[in-house]
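User: Could you take me through how to read this model, beginning with how far to trust each part?

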Amino acid sequence: MTSAAYELAQVNIGRLKAPLDSPQLKDFVDNLDPVNADADAADGFVWRLQSDGGDATDIAVFGDEWLIVNMSVWRDTNALTAYMYQGRHREMLARRREWFERVAEAMVALWWVPAGHRPTVAEAEERVLHLRANGPTPYAFTLRTSFPPGAAAPVLADLPEDLGCRV
């Protein structure tokens with residue numbers, strides 16, 4: 001099974017602390033387009049979920065109006081990690097507690113999809129629920145405990161601790 005036959009899907013769900021049009025979320029909203037443009041131009045980026053507005057902030061997830069979803073597809077975990085922990089995205093990630101509630105349950109999941117497949121929100125919800133119930137498995141995993149395509153044994157990653165990101 002070659003890795004080129006698969007791409008990495010990721011979903012990240014956040015619970016907002018305030019409405020998107022509030023002053024509290026102004027910096028977050030103002031940076032959506034630049035951060036998304038950085039992702040679109042990043043090495044290994046394949047696709048991201050977006051509505052007609054150009055982002056995914058108005059796409060429903062888990063039927064909760066306080067949750068917003070970010071979903072994308074990448075070449076592999078290395079490409080996703082390189083994008084996440086550098087530049088403007090890293091700066092925004094470091095500030096996420098200003099805009100998003102701290103949630104104890106898993107809100108991020110990764111999984112392999114056949115090259116060319118574009119996951120749906122329902123598929124992402126299923127993967128997050130599976131991760132919550134079972135921990136990291138080849139079906140749904142995290143960056144910290146990932147699985148290569150078709151593998152049963154996890155690969156543990158050394159991710160930056162200073163951002164407090166548990167993915």
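Analyst: pLDDT is the predictor's confidence in each residue, from 0 to 100, and contact means heavy atoms within 4.5 Å. This is a predicted model, in which local features need pLDDT of at least 70 and side-chain atom pairs count only at pLDDT 80 or more, whereas totals for chains, interfaces and linings use all residues. Residues are numbered from 1 along each chain as its sequence is written, and side-chain values use heavy atoms, with hydrogens and water left out.

User: Over which residues does pLDDT stay under 50?

Analyst: Where pLDDT is low, the predicted coordinates should not be read in detail. Here that applies to residues 162-167, where pLDDT stays under 50 although the model has 21 contacts for them beyond four places in sequence. The protein chain averages 89, with 89% of the residues scoring at least 70.

User: Which residues of helix H3 are buried?

Analyst: An α-helix has 3.6 residues a turn, so residues three or four places apart point the same way. In H3 (residues 87-94, a DSSP run of H or I, at least four residues), His89, Met92 and Leu93 are buried (under 20% relative accessible area, 1.4 Å probe, protein chains only). They cover an arc of only 100° around the axis, taken from the directions to the C-beta atoms, which puts them on the same side of H3. Their cover includes helices H1 (26-41), H2 (77-84) and H4 (96-99).

User: Which members of the largest nonpolar core touch the most others?

Analyst: A nonpolar core is a set of buried Ala, Val, Leu, Ile, Met, Phe, Trp, Tyr and Cys residues joined through side-chain atoms within 4.5 Å. Of the 26 residues in the largest one, Trp74, Leu80 and Tyr83 touch the most other members.

Note on methods. Buried < 20%, exposed > 50% of the residue type's maximum accessible area, 1.4 Å probe, protein only. Helix = DSSP H or I, 4+ residues; strand = E, 2+ residues; numbered from the N terminus.
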